[in-house]
Amino acid sequence: MVHGKVQARADDMKALNAESGPFLTCVIPSWNNHEQCRQMLNSFVEQTGTDHGSYFRLVVVDNGETKSHLRSSMKEHPLVDILEPGENLGWEGGLDYALKHTPSTPLVMFANDDIQIVPGQFGIRHRGRSVRR
């Protein structure tokens, strides 16, 4: 992470393709902040496109006490994995929970549920091809 930008080069890590799976997991703990979380995910998809599944894994940890509430508000984001620990683990506890319950990737990004991903945030190149949208 350099000044808020993820910078990666394909020759610095394993060959990246659909068969090897995502190389970046973005973990977003959330607690009763569904609207802002939805906006954050929208901004992520605007910058990475809807075909980001082979590059990125988005994981939201729902720290809310109402089961499936966040899941029902995220139906428009089928590429997002939602984990429900059943209790409020806090921000760090949510990150730890996600890391223990998702497959590992070479890179992990931790994000708040109230941020917006802006143009140029992801400057990632894969085999000479820009992934940035």
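**Notes on the cores and salt bridges**

1. Let's start with aspartate 96, which is partly exposed at 37% relative accessibility; buried means under 20% relative accessible area, exposed over 50%, and partly exposed in between (1.4 Å probe, protein chains only). This is a predicted model, where local features need pLDDT of at least 70 and side-chain atom pairs count only at pLDDT 80 or more, while totals for chains, interfaces and linings use all residues. Residues are numbered from 1 along each chain as its sequence is written, and side-chain values use heavy atoms, with hydrogens and water left out.

2. Aspartate 96 has a partner: its side chain meets that of lysine 100 in a salt bridge at 3.0 Å, N to O (a side-chain nitrogen of Lys or Arg within 4 Å of a carboxyl oxygen of Asp or Glu). The two sit 4 residues apart in helix 3 (residues 90-101), so about one helical turn separates them. Lysine 100 is exposed, at 61%.

3. The whole structure has 2 salt bridges. Glutamate 35 and arginine 38 also pair this way, at 2.4 Å, N to O. Glutamate 35 is partly exposed, at 42%.

4. Now for the inside. The largest nonpolar core (buried Ala, Val, Leu, Ile, Met, Phe, Trp, Tyr and Cys residues joined through side-chain atoms within 4.5 Å) has 19 residues, and Cys26, Ile28, Leu41 and Val60 touch the most other members. Helix 1 gives the most to this core, with 4 residues; helices (H or I, at least four residues) are DSSP runs, numbered from the N terminus.

5. Apart from this core lies another, of 6 residues, including Val27 and Leu95.
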